[in-house]
Amino acid sequence: MATLASDNPLASVRKAVAESTLLTDAESLSLFSHDVLSRGAKPLAVFRPTSVEELAAGVGAATKMGIAIVPRGGGMSYTGGYLYDGGPHILVDTSGLNQILDINETDMTVTVESGCSWDKLFRTLKPMGLRVYSWGTLSGIRAAIGGGMSQNGIFWGARNGTVVDSAVSFDVVLANGTIVSTGSDFFRPFGPDLTGLFAADCGAFGVKARVTLKLVREATAFAYGSFSFDTHDGLYGAMSAIARAELAAESFAFDPFLQAQRMKRDTLMKDAKQLGNMVKETAKSGGVFKAIKEGAKVAMAGRSFLDDVPFSLHCTAEGRHQGAVDADMKAIEAIVQEHGGEVVENSIPKILRANPFPPPNSMLGPDGERWVPVHGFLPHSKLVEAWERFQALWEENAAEMERLRVETGALIAATGRSSCLIEPVFFWPGEHNPLHREAIEPDHLAKLKAQPDSPEATELVLALREKVIDIFQELGAIHLQIARSYPLKESHDEAGWAILTALKQQVDPKGLMNPGSLGL
Ligand SMILES: Cc1cc2nc3c(=O)[nH]c(=O)nc-3n(C[C@H](O)[C@H](O)[C@H](O)COP(=O)(O)OP(=O)(O)OC[C@H]3O[C@@H](n4cnc5c(N)ncnc54)[C@H](O)[C@@H]3O)c2cc1C
């Protein structure tokens, strides 16, 4: 446990920053001590700076007094990255640093403050016909670009890689308040990749204050495809072949359980707002007649077309020329057919692409159950084996899972040419926490049943999550969102780990920057 340099440790932080940036009310401390899954100790204060200089001054003043710093972006994670139990700390809420500082259309870069959300950036760039290279996570209505750069993430633009593949450079506030720039503002790397050292650090090396990202031109031609598969090996075979051929900008799949869950949700298919948005988007790229036709097709298809679908795969092909993306979709259809799949109505990818950052209502199950995913990236060659081992794990635990009403499904997504992500997701009965109550849309939350807490079910979920991580480790998986949940040291050789610990010592000699994150 850290020792403080004073009985009133916040006093000198108060002198360094505006009083209005420090929140110490009970409600804020409670909210900011929860992530989507867990609860940590309450911070001494939540520090919400409104300028990078204020961030640096507050961080420097706090660590001088022996107070640890714990950074938070949009708070949309579930691996304990911004929860700390090791002693007095200040939680840095970057939501006040949300400005888009420079859109450089000449050099194709954009610089933002780290608390800017993916959604805000997307909406700002879209009318200019621009977008970021790998452009955010489904949580992007809240998830911050700084959170994505620190925890890494993947969804939109997954063909290009994870979100840190979009990074050009960062300005990072180190533990002592120094601001370090990691490189050139238009090209990476400039020598050894300093930007890369701070990417995906889960806040262990410093607080990202500014982020410069690669811009690309937004696609203007799209084609969508959804497919049904009876078997997991058919699905994996097709997904891997589509990924290797780089035919889809995004390709993701649901197992039969998650498929049925999605159909129960209100937000995807029934929401007229979403359908309206889809029609508007189609009108822009394909004309009004096409938009009306597409809208009518989706509305008529409703949800029933997926009733009997075991595994569903959803792909988006995008580019500049309709003929080219239609040809890509034809090639996808041929691969699907080769692997025993069938074409079904393509409403899911169409609606999702038109509403890329929906409200984070899926952080609870459709009946109000608790929700948490766990994931690993595996090379194509290991996917089927991993899947079969997870099914065996559910079988072994079927009686306990049924008794405690723990259920599981899975999302699968292609992640570049060489790998896919398997993301088992757990649902179980349990109380909603302050973050669920704050982040989920009030109308949606009102419809969900309050669930009494079930510590036994929670314990089973945490134990199964550990076993899933063990299986991933045995198969050599890699993870995003490492924070305080996935083992990192175990996956490095001794010499590699020594480099990371030496870097930690250099940037944070007192061990006060998000201590314990990454296992450092
Ligand atoms: C509904 C929902 C959908 C999701 N969809 C996806 C998805 O499609 N793909 C995906 O990969 N993940 C997804 N996630 C997981 C999560 O939202 C992402 O990992 C996201 O990138 C987290 O960003 P955040 O800003 O909320 O980070 P936070 O949760 O606030 O923080 C994450 C980590 O980064 C650190 N951190 C945050 N900001 C900074 C900073 N400025 N400097 C240094 N460290 C910092 C924190 O200390 C913590 O360790 C989803 C989550 C939910 C709830």
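Below are worked exercises on a predicted model.

Residues are numbered from 1 along each chain as its sequence is written. In this predicted model local features need pLDDT of at least 70 and side-chain atom pairs count only at pLDDT 80 or more, while totals for chains, interfaces and linings use all residues; side-chain values use heavy atoms, with hydrogens and water left out.

**Exercise 1. The sheet**

Task: State the order of the strands in the open sheet and name the edge strands.

Solution:
- Strands are DSSP runs of E with at least two residues, helices are runs of H or I with at least four, and both are numbered from the N terminus.
- Two strands pair if DSSP finds at least two bridges between them.
- The open sheet has 4 strands in the order 1-2-4-3, with mixed pairing.
- Strand 1 (22–23) and strand 3 (68–72) are the edge strands, each pairing on one side only.
- Between strand 3 and strand 4 (residues 89–93) the pairing is parallel, over 5 bridges.
- R72 stands opposite D93 of strand 4.
- Helix 3 (residues 52–64) packs on the sheet and touches strand 2 (45–47), strand 3 and strand 4, where contact means heavy atoms within 4.5 Å.
- The direction of helix 3 makes about 150° with that of strand 2; angles run from 0 to 180 degrees between N-to-C directions, and axes are lines fitted to C-alpha atoms, for helices over the stretch in contact.

**Exercise 2. A helix pair**

Task: Describe how helix 7 and helix 13 cross, and which residues make the contact.

Solution:
- Two packed helices are described by the angle and the distance between their axes.
- For helix 7 (residues 232–244) and helix 13 (residues 383–396), the axes come within 10 Å and cross at roughly 145°.
- Helix 7 contributes H232, D233, Y236 and S240 to the contact, and helix 13 contributes L383, V384, W387 and E388.
- These residues divide into 4 nonpolar, 2 polar and 2 charged; Ala, Val, Leu, Ile, Met, Phe, Trp, Tyr, Cys and Pro count as nonpolar, Asp, Glu, Lys and Arg as charged, and the others, Gly among them, as polar.

**Exercise 3. The ligand**

Task: Which residues come nearest to the ligand, and which polar atoms lie by its oxygen atoms?

Solution:
- There are 35 residues around the ligand, a residue being near if one of its heavy atoms lies within 4 Å.
- P71, G73, S77, S139 and A144 come nearest.
- A polar backbone atom of A144 is 2.7 Å from an oxygen atom of the ligand, and a polar backbone atom of L138 is 2.9 Å from an oxygen atom of the ligand.
- For N514, a polar side-chain atom lies 3.3 Å from an oxygen atom of the ligand.

**Exercise 4. Backbone details**

Task: Locate the cis peptide bond and the positive phi of A200.

Solution:
- The cis peptide bond joins R188 and P189, with omega about 0°.
- P189 is in the loop between strand 9 (179–181) and helix 6 (194–198).
- A200, a residue other than glycine, has a positive phi near 60°.
- A200 sits in the loop between helix 6 and strand 10 (207–217).

Key
A polar contact is a pair of N or O atoms within 3.5 Å; within protein, one must be able to donate a hydrogen and the other to accept it, and residues adjacent in sequence count only if both atoms are side-chain atoms.
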